[in-house]
Amino acid sequence: MCAACGVPTHVAVLEPDESPGAGQPTAQPAKFAALRNSSCRWYLGGAALSMMADNIEHVITYWVIWEKFHSPALTGFEVISHWVPYLLLSPYFGALADRYDCRKLIQASQALFMAVSLTWGILFATGSLTVWNACVLLILHGLAGCIWSPPEQLLLEDFVGLAALPSAIRLNSTGRSLGILCGPVVGSVLLIGLGPTHGIWVNIAFYLPLTILMARTKFTGHSRGEVIVHQRVGVLAAARVFREVARDRVLAAMIILAGLGSFFIGAAMQTVMPSIASSTTGISASTAYTVLLFANGLGGVLGGLLLEGTGWIKLTVRAALLSTLVYGVSTVFFALSHNYLVAAPLLVIGGIANLAALSITMTVVQLRAPRAKKGQVIGLYGVGANGMRMGSGFTVGLFGAVVGLRPALGWSSAALCACVAVLGVYLAVTARRSPAAGSGTLDSSAPEREPA
């Protein structure tokens with residue numbers, strides 16, 4: 001039985017003030033359990049390729065945009081445009097995932113990715129790229145990723161069921177980290193070897209495997225105890241989930257925790273990395289930058305494999321809080337380090353901790369959300385975990401213009417640690433005062449979920 005919500009079919013989630021033996025956690029699923037499902041295996045591979053294609057497009061388009069316009073403002077807009085759709089529209093696309101076939105939504109996202117890549121190539125080939133159409137394409141690219149996220153999470157549970165869901169989420173995060181790690185390498189090869197026009201067109205092929213898989217799989221995201229959502233889906237209706245989440249203390253805390261990491265650090269790591277690489281000692285700036293980029297991606301991949309293969313970190317609220325705290329502390333020391341031999345391992349540690357925190361919080365959110373509104377809750381989680389990444393542009397970028405990027409990253413990471421500590425204390429105190437406070441759900445009339 002889940003110690004957080006009392007639903008017998010949930011994986012055990014302990015309150016932050018509980019000792020490991022205080023609850024009655026269910027047995028941990030087999031290592032790499034999600035890989036035993038053939039549909040999930042194919043999906044994880046296709047998703048990793050699509051994520052790699054996403055990052056390849058960033059490499060090629062960002063280079064062309066800078067070479068053509070040399071606009072710092074447009075460089076900032078590249079980051080903003082990628083995350084604004086998550087901030088504004090994630091609950092809406094989550095509501096669509098609740099109501100419609102998730103396969104179709106994922107195909108729509110991949111089709112939009114491919115259409116954007118095709119249009120980039122046409123504009124490159126004809127020399128007609130302007131600032132306004134670059135901005136439109138950047139927004140559409142971010143929108144495609146926003147459409148993809150909620151139905152993906154519903155589909156993962158549909159593939160493997162509740163028992164192996166933590167494994168599926170960890171491996172999916174690991175595959176995405178692998179795509180992020182390989183994307184810049186493959187993107188650079190395509191850019192140098194084929195040029196931006198042909199390189200961006202070749203990149204379209206990496207979106208095809210996942211698109212084809214969605215046409216062949218029988219899973220819809222609703223195959224296990226399907227719930228039909230009859231109400232009409234609208235942006236305002238989807239936004240009501242913000243108010244409803246507050247009824248579940250642990251669920252709200254996990255969304256806030258994911259948002260804190262994104263707001264205070266988020267996308268700032270890659271922005272700050274060139275500055276930190278240029279001031280490292282014992283190695284050239286270009287080599288240090290390459291090492292740091294590789295270490296940053298390696299942390300997510302290595303973290304997923306270690307967590308899945310060892311089971312060292314359990315599915316608990318306490319583990320999510322501690323993982324986020326380690327992420328913040330390692331980033332503080334990374335900001336203070338001036339030697340790449342110190343900075344690179346800190347990035348790996350931070351990558352492992354960040355993957356652990358995000359996979360745990362996402363799993364808890366999925367397990368506690370009622371099926372009828374699960375997509376909307378996942379969309380709300382996307383607002384925190386992805387949309388709030390815009391905040392790092394203020395906490396590190398603008399603040400860094402005043403005090404320097406290193407101090408800004410250090411202070412922002414320290415603020416993350418302080419907020420995590422406050423959140424942990426709040427959860428512990430409220431759990432002691434009202435042990436049943438976190439047992440509510442978004443919809444008390446939601447049917448109890450069937451065992452996987």
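Guide: Welcome! A word first: contact here means heavy atoms within 4.5 Å of each other. The model is a predicted one.

Visitor: How many helices and strands are in the chain?
Guide: Let me set the scene with the chain itself. Of its 452 residues, 56% count as buried. As for helices and strands, the counts are 16 and zero, respectively.

Visitor: Which helix has the highest confidence, and which the lowest?
Guide: The chain as a whole averages a pLDDT of 81, and 84% of the residues score at least 70. Among the helices, the highest mean is 96, for H3, while the lowest is 61, and that belongs to H7 (residues 235-239). In the order you asked, then: H3 and H7.

Visitor: Where does pLDDT stay under 50?
Guide: One stretch is residues 1-27, for which the model has 66 contacts beyond four places in sequence. Another has 40 such contacts, and pLDDT stays under 50 there too. That second stretch is residues 437-452.

Visitor: What share of the contacts with a separation of 6 or more comes from residues 24 or more positions apart?
Guide: Here we take the contacts in the chain with a separation of 6 or more, and pick out those between residues 24 or more positions apart. Their share is 85%.

Visitor: Are H3 and H6 roughly parallel or roughly antiparallel?
Guide: The axes of H3 (residues 102-126) and H6 (residues 208-216) come within 9 Å and cross at roughly 155 degrees. An angle over 145 degrees falls in one class. The pair is therefore roughly antiparallel.

Visitor: Which residues of H6 meet H3?
Guide: The H3 side of this left-handed crossing offers Arg103, Ile106, Gln107, Gln110 and Met114. By class, the contact of the two helices has six nonpolar, three polar and one charged residues. On the H6 side you will find Leu208, Leu210, Thr211, Met214 and Ala215.

Visitor: How are H9 and H12 placed, roughly parallel or roughly antiparallel?
Guide: The axes of H9 (residues 249-264) and H12 come within 11 Å, with a crossing of roughly 10 degrees. That crossing is left-handed. Since the cut-off is under 35 degrees, H9 and H12 are therefore roughly parallel.

Visitor: How many charged residues are in the contact of H9 with H12?
Guide: From H9 come Val250, Met254, Leu257 and Gly261, and from H12 come Val317, Ala320, Leu321, Thr324 and Tyr327. Divided by class, they give seven nonpolar and two polar residues. The charged count is none.

Visitor: Why does Leu321 count as buried?
Guide: Leu321 sits in H12 (residues 317-336), and Leu321 is also part of the contact with H9. Buried is the word for anything under 20% relative accessible area. Leu321 qualifies because its relative accessibility is 9%.

Visitor: How far apart in space are Leu321 and Thr361?
Guide: In sequence, Leu321 and Thr361 are 40 residues apart. In space, C-alpha to C-alpha, the distance is 9.2 Å.

Visitor: Is the crossing of H5 with H13 left-handed or right-handed?
Guide: H5 (residues 165-203) and H13 (residues 340-368) have axes that come within 9 Å and cross at roughly 140 degrees, so the two are oblique to each other. Their contact includes Ile169 and Arg170 of H5 along with Met362 and Gln366 of H13, and its residues divide into six nonpolar, six polar and one charged. The crossing is right-handed.

Definitions and conventions:
Residues are numbered from 1 along each chain as its sequence is written. This is a predicted model: local features need pLDDT of at least 70, side-chain atom pairs count only at pLDDT 80 or more; totals for chains, interfaces and linings use all residues. Side-chain values use heavy atoms; hydrogens and water are left out. Helices (H or I, at least four residues) and strands (E, at least two) are DSSP runs, numbered from the N terminus. Buried means under 20% relative accessible area, exposed over 50%, partly exposed in between (1.4 Å probe, protein chains only). Axes are lines fitted to C-alpha atoms, for helices over the stretch in contact, and angles run from 0 to 180 degrees between N-to-C directions. Angles under 35 degrees count as roughly parallel, over 145 as roughly antiparallel, 65 to 115 as roughly perpendicular and the rest as oblique. A crossing is left-handed if the near helix is turned anticlockwise from the far one by less than a right angle, and right-handed if clockwise. Ala, Val, Leu, Ile, Met, Phe, Trp, Tyr, Cys and Pro count as nonpolar, Asp, Glu, Lys and Arg as charged, and the others, Gly among them, as polar. pLDDT is the predictor's confidence in each residue, from 0 to 100.
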